[in-house]
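Grab a coffee and work through these short exercises with the model open beside you. Try each task before reading its solution.

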Amino acid sequence: TLTHMIDNVRRIQDIFGDVQVAVEGLYPNAVNPQLMDTWDAYQTVLDSGTPLAVDLSHTKIVARASGSTDEGLLRDLLASPTTIEVHLSENNGVADHHDILRREPFWWHLLPIVNHNAVVFSEGNQLRHRRTQSPSIQ
């Protein structure tokens, strides 16, 4: 359950001391069910004060599955002092492919409000992208 996961994160945090442990929000997966895969689950973890890794490409899958983008929650997640990482990449809205960003995604305008202490990085697979552009690249 989410409650059990949050408790486990706190226990792990006690073991690691000064090294922060974060929960990464996921997305619905019929083959391999996951915790924190709905907007409600994201809200529960945010409300718990648990450190977060927000993968914005995962939110595209959550949005597609739920039929809505919860921009208010996204704002809260990104601005939260508990958000310690923000991951950027693209996907088809069904599965996480770590595609590179080719255009501004629906969440792009929210980047300026990201917690200034969070690490923001691209998870886009640059090498795969280069291979599609130039098949001779190994």
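Two strands count as paired if DSSP finds at least two bridges between them. Keep in mind that this is a predicted model.

**Exercise 1. Work out how the strands of the sheet are ordered and which ones sit at the edges.**

Solution. Start with the order: 4 strands form an open sheet, running 1-2-3-4, with parallel pairing. Next, look for strands that pair on one side only: these are strand 1 and strand 4, the edge strands. Now zoom in on one pair. Strand 2 (residues 52-55) joins strand 3 in the parallel sense over 4 bridges. In that pairing, Val 54 stands opposite Val 86 of strand 3.

**Exercise 2. Is Thr 59 buried or exposed, and which residues does it touch?**

Solution. First find Thr 59: it belongs to helix 3 (residues 56-66). Then check its relative accessible area, which is 0%. Buried means under 20%, so Thr 59 is buried. Finally, list its contacts, leaving out residues up to four places away in sequence: Trp 39, Tyr 42, Leu 74, Phe 106 and Trp 107.

**Exercise 3. Compare the settings of Met 36 and His 98.**

Solution. Begin with the backbone. Most residues other than glycine have a negative phi. Met 36, however, has a positive phi of about 55°, and the phi of His 98 is near 55°. Now place them: Met 36 is in the loop between strand 1 (23-24) and helix 2 (39-48), while His 98 is in the loop between strand 3 (83-88) and strand 4 (119-122). Last comes accessibility: Met 36 is buried at 2%, whereas His 98 is partly exposed at 28%.

Notes. Residues are numbered from 1 along each chain as its sequence is written. This is a predicted model: local features need pLDDT of at least 70, side-chain atom pairs count only at pLDDT 80 or more; totals for chains, interfaces and linings use all residues. Side-chain values use heavy atoms; hydrogens and water are left out. Helices (H or I, at least four residues) and strands (E, at least two) are DSSP runs, numbered from the N terminus. Buried means under 20% relative accessible area, exposed over 50%, partly exposed in between (1.4 Å probe, protein chains only). Contact means heavy atoms within 4.5 Å.
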